[in-house]
Amino acid sequence: MPTPSLDSLPIRRLTLRDLSACADLSEDRGWPREEHKWGLLLAAARGYGIDAPDGGLAAACVVTEYGPRDQPSLAAIGMVLVAERHSRHGIGRRLMRHVVAEAGTTPLTLYATPLGRPLYEELGFKVSGQAEMLRGRFVLGHRTDIRTRTATADDLPGILRLDEEVFGADRTHIVTRLPAFADQLRVAEDDGRLIGYAAAWPNMDTHVVGPLIARDTATAQALIASLAAHTNRPLRTDIDVRHEELLSWAKDHGLSTVALNAVMTYGITELPGDWSRLFAPVTVAAG
């Protein structure tokens with residue numbers, strides 16, 4: 001039988017049964033397999049994929065919606081991948097056009113690598129910011145009067161309130177998964193009042209710091225330092241470049257720049273919420 005044209009391959013919804021195929025696709029493009037992260041995204045987000053005629057996935061991406069379920073106020077696109085053997089044939093463009101059409105009037109956002117940015121610009125996405133990816137072994141020794149501790153179940157309502165206030169949309173379906181997804185979930189307090197929280201979740205040989213929400217830079221520093229004190233792995237995080245003081249501090253404590261990615265939006269000119277207290281996303285794949 002003749003091999004089907006890439007243009008005729010159907011786009012379907014992905015499920016948790018596709019986790020291994022998604023990890024294989026990541027590996028095919030030289031990315032880490034990131035099965036732990038794929039598991040979160042396939043459970044909490046909506047996955048789209050195109051099956052390759054020769055087996056596996058030819059392309060995939062995930063869309064994480066925030067806000068009311070029947071009328072999301074924001075959706076984040078991530079993990080846009082095309083198998084190397086099927087690249088440069090327009091399959092990624094077709095998948096993205098499908099996702100944008102499916103979103104309808106819901107505003108979209110994504111983190112774009114320099115390689116992917118031209119495609120997103122062609123589709124109408126605009127650059128609204130930039131994030132700096134850092135990685136390295138954190139050098140302990142940071143001193144602070146800000147109290148941090150391990151989060152408990154009683155903290156969850158307060159974390160959810162703070163998160164929605166700062167992020168600008170309800171992401172309960174992500175935040176409530178953090179206790180099981182992350183190895184650490186910590187909060188910062190001032191006179192018994194919640195002023196920030198952060199998680200560190202395992203990704204291959206690192207711990208990714210995200211989300212990171214804090215009242216100010218000093219609180220963000222205290223949370224990062226407290227997470228670093230409880231892991232032997234290198235840290236990785238993606239910090240909004242407007243937080244220059246935190247970036248400089250992190251580099252002084254052993255982290256180095258790995259990449260700069262553009263934050264892009266579609267349907268809105270800037271992201272909702274309070275960027276001054278939003279230091280890092282859960283993952284760039286989910287906004």
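# Close-up views of a predicted protein model

**Figure 1. Burial and overall build of the chain.** Buried residues account for 54% of the 287 residues in the protein chain. The model is predicted. The chain carries 9 helices and 13 strands. Its radius of gyration is 19 Å, close to the 19 Å that the globule rule gives for 287 residues, so the chain is as compact as a globular protein of that length. The C-alpha trace spans about 70 × 35 × 35 Å along its principal axes. Take the contacts between residues at least 6 apart in sequence: 72% of them join residues at least 24 apart.

**Figure 2. Surface and charge.** The accessible surface of the protein chain is about 13,200 Å². Carbon and sulfur atoms hold 49% of that surface. The chain has 31 positive and 36 negative charges. The mean positions of these two sets lie 3 Å apart.

**Figure 3. The largest nonpolar core.** This core has 41 residues. Those with the most contacts inside it are W38, Y66, I159, L178, L185 and Y197. Helix α2, residues 35-44, gives the most to this core, with 5 residues. A second, separate core has 27 residues, including L6, V82, V99 and L123. In soluble globular proteins, nonpolar side chains tend to be buried together.

**Figure 4. The surroundings of L185.** L185 is among the residues with the most contacts inside the largest nonpolar core. Neighbours within four places in sequence are left aside here. Three of the core residues named above, I159, L178 and Y197, are in contact with L185. R149, T150 and A151 also touch L185. So do P179, A198 and A199.

**Figure 5. A cis peptide bond in strand β10.** The peptide bond from G210 to P211 is cis. Its omega is near 0 degrees. P211 lies in strand β10, residues 206-214. Most peptide bonds are trans, and most residues other than glycine have a negative phi.

**Figure 6. Two methionines with positive phi.** M79 has a positive phi of about 55 degrees, although it is not a glycine. M204 also has a positive phi, near 55 degrees. Are these methionines buried or partly exposed? M79 has 6% relative accessibility, so it counts as buried. M204 has 48%, so it counts as partly exposed. M79 sits in strand β4, residues 74-82. M204 sits in the loop between β9, residues 193-203, and β10.

**Figure 7. P272 in the loop between β12 and β13.** P272 is found between β12 (256-266) and β13 (278-280). P272 is partly exposed, with a relative accessible area of 34%. Which residues does P272 contact, leaving aside its neighbours within four places in sequence? They are L74, F167 and G168. P272 and E165 are 107 residues apart in sequence. Their C-alpha atoms are 9.8 Å apart in space.

**Figure 8. G124 in the loop between α4 and β6.** G124 is found between α4 (117-122) and β6 (126-136). At 28% relative accessibility, G124 is partly exposed. Beyond its neighbours within four places in sequence, G124 is in contact with T265 and Y266. G124 and L9 are 115 residues apart in sequence. From C-alpha to C-alpha they are 24 Å apart in space.

**Figure 9. L255 in the loop between α9 and β12.** L255 lies between α9 (244-252) and β12. Is this loop residue buried or exposed? L255 has a relative accessible area of 5%, so it is buried. With neighbours within four places in sequence set aside, its contacts include the run L134, R135, G136, R137 and F138. T237 and A250 are also in contact with L255. L255 and T237 are 18 residues apart in sequence, and their C-alpha atoms are 9.4 Å apart.

**Figure 10. V263 in strand β12.** V263 lies in strand β12. At 8% relative accessibility, V263 counts as buried. Neighbours within four places in sequence are again left aside. T109, L110 and Y111 are in contact with V263. So are K126, V127, S128, G129, Q130 and A131. L271 is a further contact of V263. V263 and S276 are 13 residues apart along the chain. Their C-alpha atoms are separated by 16 Å.

Definitions and conventions. Residues numbered from 1 in each chain as written. Predicted model: local features only at pLDDT ≥ 70, side-chain atom pairs only at ≥ 80, totals over all residues. Heavy atoms only, no water. Helix = DSSP H or I, 4+ residues; strand = E, 2+ residues; numbered from the N terminus. Rg over C-alpha atoms; globule rule 2.2 N^0.38 Å. Buried < 20%, exposed > 50% of the residue type's maximum accessible area, 1.4 Å probe, protein only. Contact = heavy atoms within 4.5 Å. Areas by Shrake-Rupley, 256 points an atom, 1.4 Å probe, with all protein chains shown as cover. Lys, Arg positive; Asp, Glu negative; His and termini not counted. Charge placed at Lys NZ, Arg CZ, Asp CG, Glu CD. Core = buried A, V, L, I, M, F, W, Y, C linked by side-chain atoms within 4.5 Å.
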